[in-house]
Amino acid sequence: MSFINYASREINCKIVYYGPGLCGKTTNLQYIYQKTANESKGKMISLATESERTLFFDFLPLALGEVRGFKTRFHLYTVPGQVFYDASRKLILKGVDGIVFVADSQEERMDANIESLENLKENLEEQGYDLYKLPFVIQYNKQDLPNISPIEELRRFLNPTKVPEFKACAMSGVGVFETLKAIAKLVLMDLKKGTR
Amino acid sequence: MLNTQTTFVLYDEEAEKVKEVIDNLLKASNAKSIYLIDKNGQMIASTGNVAEIDATSLASLTAGNIAATGGLAKLIGEKEFAIQFHEGEKDNIHISIVGSRVILVVIFDQRSSLGLVRLRVKKASNTLTTIFDEISAKENAQDGMPGRANPFAEITDDDIDNLFS
Ligand SMILES: Nc1nc2c(ncn2[C@@H]2O[C@H](COP(=O)(O)OP(=O)(O)O)[C@@H](O)[C@H]2O)c(=O)[nH]1
Ligand SMILES: [Mg+2]
């Protein structure tokens with residue numbers, strides 16, 4: 001649910017990075033945080049366990065500039081990937097305006113990707129959302145690794161409806177801003193249409 | 001038109017009314033600062049000594065906290081826990097859900113007391129609920145209101161590209 005504040009002339013949108021455990025969601029946010037000028041970013045919050053696995057969520061507020069006299073603010077969240085944190089994932093999806101699905105391109109993670117995508121659809125459906133009607137993009141992360149699935153295969157299993165997709169290496173930043181830009185654009189276009 | 005299910009719109013008139021209520025609450029409760037946050041973690045209004053605290057972080061963590069507590073409540077068969085109180089060494093935080101839609105956060109120290117904050121919050125909550133009911137009613141009736149059209153209806157690809165340049 002985006003929030004338009006006429007008093008402060010701001011528009012706030014919520015974007016959630018979803019995907020299996022260790023696919024690189026937190027790394028995406030960390031890279032965005034590092035590369036964003038201080039005046040455009042807020043504090044990055046990571047609610048993590050001692051082993052640095054995301055426990056509840058990571059949160060990064062970004063101010064991207066003005067559109068039509070309104071300051072645009074994007075609140076980026078990640079979810080914990082591990083299967084047993086499903087309750088937390090559901091909470092974070094509440095009021096979501098756009099979704100980035102981060103896939104782990106390694107062959108042995110294909111099943112985990114598929115399972116996580118199914119889980120995303122189910123959790124959205126519970127709240128009355130249809131994933132394919134929401135602003136939605138896919139990122140094939142860890143493209144730098146040797147044991148990755150061919151892009152055709154990733155596409156076939158994870159992107160049947162051909163939403164915008166990006167190859168990425170979140171660790172070095174390749175594809176990270178392209179992904180962010182694409183989802184931000186879809187979210188703003190969705191506001192323009194005003195129908196969902 | 002903006003879809004009322006997916007977009008929460010706050011206009012100047014309501015923003016002013018809301019601000020007045022929390023300004024009054026600040027005085028009446030002798031609190032340090034007060035924040036009104038929507039359940040998705042977005043700051044609606046604040047007052048008092050707000051410069052010390054990162055408001056965006058506060059909003060997101062409060063919403064996360066309320067969401068998690070709400071999940072706990074459902075687990076044990078409650079609808080929600082409407083009030084939370086956390087006591088620190090110097091500062092305390094009182095969190096309450098207003099009209100099941102927004103979250104009211106009051107930060108106070110020894111110059112106030114939990115009893116006083118509770119009492120004043122209760123009264124302010126009723127006023128706020130009325131205001132937010134009005135906002136909802138307005139949103140539902142929005143279709144026929146000229147001059148309040150979607151400010152993003154005219155947005156172009158270039159506008160969006162410029163955000164990233
Ligand atoms: N080789 C490689 N490793 C990555 C990439 N992105 C993330 N990682 C690593 O994968 C691990 C898990 O990343 P993290 O962002 O914590 O995953 P999350 O569970 O999705 O938040 C970390 O050790 C990262 O350094 C990538 O593009 N390539
Ligand atoms: Mg993580």
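**Figure 1. Helices H1(B) and H3(B) run roughly antiparallel to each other, because their axes cross at roughly 175 degrees and angles over 145 count as such.** The model shown here and in the following views is predicted. Helix H1 of chain B covers residues 12-29 and helix H3 of chain B covers residues 114-140; their axes come within 9 Å. From H1(B), the contact is made by B:Glu13, B:Glu14, B:Lys17, B:Val18, B:Val21, B:Leu25, B:Ala28 and B:Ser29. H3(B) contributes residues including B:Leu116, B:Val117, B:Arg120, B:Val121, B:Ala124, B:Leu128, B:Ile131, B:Phe132 and B:Ile135. Of the residues in this contact, 12 are nonpolar, two are polar and six are charged.

**Figure 2. The loop that follows H1 in chain B holds B:Asn30, a residue with positive phi.** Most residues other than glycine have a negative phi. B:Asn30 is not a glycine, yet its phi is about 60 degrees. The loop lies between H1 and strand S2 (33-38) of chain B. Chain B as a whole has four helices and six strands, arranged along the sequence in the pattern β-α-β-β-α-β-β-β-α-α. The C-alpha trace of chain B spans about 50 × 40 × 35 Å along its principal axes.

**Figure 3. Four residues of chain B form a nonpolar patch on the surface.** The patch consists of B:Leu72, B:Leu75, B:Ile76 and B:Phe81. Together these residues have about 440 Å² of accessible area. B:Leu72 is placed in helix H2 of chain B, which covers residues 55-75.

**Figure 4. Helices H1(A) and H5(A) pack roughly perpendicular to each other.** Two packed helices are described by the angle between their axes and the distance between the axes. For helix H1 (residues 25-35) and helix H5 (residues 176-193) of chain A, the angle is about 95 degrees and the axes are 10 Å apart. The helices are therefore roughly perpendicular, a term that applies to angles of 65 to 115 degrees. A:Asn28, A:Tyr31, A:Ile32 and A:Lys35 of H1(A) meet A:Val176, A:Phe177 and A:Leu180 of H5(A) in this contact. The contact residues divide into five nonpolar, one polar and one charged.

**Figure 5. A salt bridge joins A:Asp104 and A:Lys142.** Side chains of opposite charge can pair when their charged atoms come close. In this pair the distance from N to O is 3.3 Å. The salt bridge links distant parts of the chain, with its two residues 38 residues apart. A:Asp104 belongs to strand S6 (residues 98-104) of chain A, whereas A:Lys142 lies in the loop between strand S7 (136-141) and helix H4 (151-158) of chain A. A:Lys142 also has a positive phi, near 65 degrees, in a residue other than glycine. Over all chains, the count of salt bridges comes to 16.

How values were computed. Residues are numbered from 1 along each chain as its sequence is written. Chains are lettered from A and ligands numbered from 1 in the order in which they are written. This is a predicted model: local features need pLDDT of at least 70, side-chain atom pairs count only at pLDDT 80 or more; totals for chains, interfaces and linings use all residues. Side-chain values use heavy atoms; hydrogens and water are left out. Patches are made of residues with over 30% relative accessible area and no salt bridge: like charges are joined within 9 Å, nonpolar side chains (Val, Leu, Ile, Met, Phe, Trp, Tyr) within 5 Å. Accessible areas come from the Shrake-Rupley method with a 1.4 Å probe; for residues, only the protein chains shown count as cover. A salt bridge is a side-chain nitrogen of Lys or Arg within 4 Å of a carboxyl oxygen of Asp or Glu. Axes are lines fitted to C-alpha atoms, for helices over the stretch in contact, and angles run from 0 to 180 degrees between N-to-C directions. Angles under 35 degrees count as roughly parallel, over 145 as roughly antiparallel, 65 to 115 as roughly perpendicular and the rest as oblique. Contact means heavy atoms within 4.5 Å. Ala, Val, Leu, Ile, Met, Phe, Trp, Tyr, Cys and Pro count as nonpolar, Asp, Glu, Lys and Arg as charged, and the others, Gly among them, as polar.
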